[in-house]
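Please look over the sequence and the fold before reading on, so that the description can be followed on the model itself.

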Amino acid sequence: MIMTEKTRYKYKGKVLVAGATGRTGRWVVSRLRYYGVPVKVLTRSAEKAKALGDVEVVEGKIQNEEDVVKAVTGCTAVISALGSSEVFGDASPGEVDRDGVIRLVDQAAKAGVKHFGLVSSMAVTKWYHPLNLFAGVLSKKFEAEKHLRDVFGKDGRSYTIVRPGGLKDGEPLLHNLHVDQGDRLWSGWINRGDVAELLVVSLWTEKAKNKTFEVINEGEEEHRQDSLEPYYDKLAS
Ligand SMILES: NC(=O)c1ccc[n+]([C@@H]2O[C@H](COP(=O)([O-])OP(=O)(O)OC[C@H]3O[C@@H](n4cnc5c(N)ncnc54)[C@H](OP(=O)(O)O)[C@@H]3O)[C@@H](O)[C@H]2O)c1
């Protein structure tokens, strides 16, 4: 995409990225910076966050309310790419995908944040999905989604929930995407860069507000995209 004044500086506020040092979170930070948006990150490791470049860093855990309050203060939007990696403990699905996201949603609303973007997952409504053998991860994500819709779907706030298929490391804007609603898809892949791009453009794309949707690549061939904003035309609230 060719950078012009039209494509840059579309969003005026500051965005908190939770899970910013993760494989999707890094893409969220990089796309925000591409569009010239000021970024704050909540990370367990300030050392790891150095690789993210020029961002404001709050070192802390999603379990700690004080850290979360510090992170959301002064931000107009939050994008969460948090994800669990252990069955038990601080990085378990209950602690991170459900309670961590719920804490972030509540503190963001209290701090006056206007928009919340969430990386969720395809199949979150399917309690019988094999991925739930990992400490009920999909069901935990679904509980967090419901809370986000309750809190940010009113009072002048908004949300965008992206439910990707399997994540691959890769750039945004290289593939046609297939978007769907109602959690009907069972398989498919998508580049982490595209998941990040969809959430970043949701900050200024009115038709992205209050949408929950699944997304995968449409085929493996490359089809360079100018913008992912048109995919939001196809979605119902
Ligand atoms: N893998 C797939 O195919 C797939 C498919 C659909 C959806 N998803 C979902 O997509 C999301 C992003 O996936 P990903 O692969 O980018 O995840 P990832 O690389 O594992 O990153 C997860 C992030 O969460 C942070 N985190 C974990 N516990 C935390 C805590 N207690 N406090 C603060 N931060 C914490 C990690 O911080 P550190 O860097 O400090 O560890 C990391 O930044 C996840 O929710 C995942 O479940 C994944």
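The paragraphs below go from the sheet to the helices and then to the ligand.

This is a predicted model, in which local features need pLDDT of at least 70 and side-chain atom pairs count only at pLDDT 80 or more, while totals for chains, interfaces and linings use all residues. Residues are numbered from 1 along each chain as its sequence is written. Helices (H or I, at least four residues) and strands (E, at least two) are DSSP runs, numbered from the N terminus.

An open sheet of 8 strands follows the order E3-E2-E1-E4-E5-E6-E10-E8, with mixed pairing, where two strands pair if DSSP finds at least two bridges between them. Strand E3 (56–59) and strand E8 (177–180) stand at the edges, and each has a single partner strand, so one side of each is left without a neighbour in the sheet. From one strand to the next the twist averages 20°. Strands E1 (residues 15–18) and E4 (residues 77–80) run parallel and are joined by 4 bridges, with Val15 standing opposite Ala77 in E4.

Helix H5 (residues 137–152) packs on this sheet, touching strand E5 (115–119), strand E6 (158–164) and strand E10 (211–217), and its direction makes about 160° with that of E6. Axes are lines fitted to C-alpha atoms, for helices over the stretch in contact, and angles run from 0 to 180 degrees between N-to-C directions. Helix H6 (residues 192–201) lies across E4, E5, E6, E8 and E10, running at about 165° to E6.

H5 also packs with H4 at an angle of about 10°, their axes being 8 Å apart. H4 and H5 are therefore roughly parallel to each other, a term for angles under 35 degrees, whereas over 145 counts as roughly antiparallel, 65 to 115 as roughly perpendicular and the rest as oblique. Residues in contact (C-beta atoms, placed from the backbone, within 7 Å) include Val101, Ile102 and Val105 in H4 and Ala144, Leu148 and Val151 in H5.

The axes of helix H3 (residues 65–72) and H4 come within 9 Å and cross at roughly 50°, which makes H3 oblique to H4. Here Glu65, Val68, Val69 and Val72 in H3 meet Arg103, Leu104, Gln107 and Ala108 in H4.

Helix H4 (94–110) and strand E7 (166–168) each supply at least two residues of the shell around the ligand. The ligand is surrounded by 26 residues, of which the closest are Gly19, Thr21, Gly22, Thr24 and Gly83; a residue is near a molecule if its C-beta atom, placed from the backbone, lies within 6 Å of it.

How values were computed
Two residues are in contact if their C-beta atoms, placed from the backbone, lie within 7 Å.
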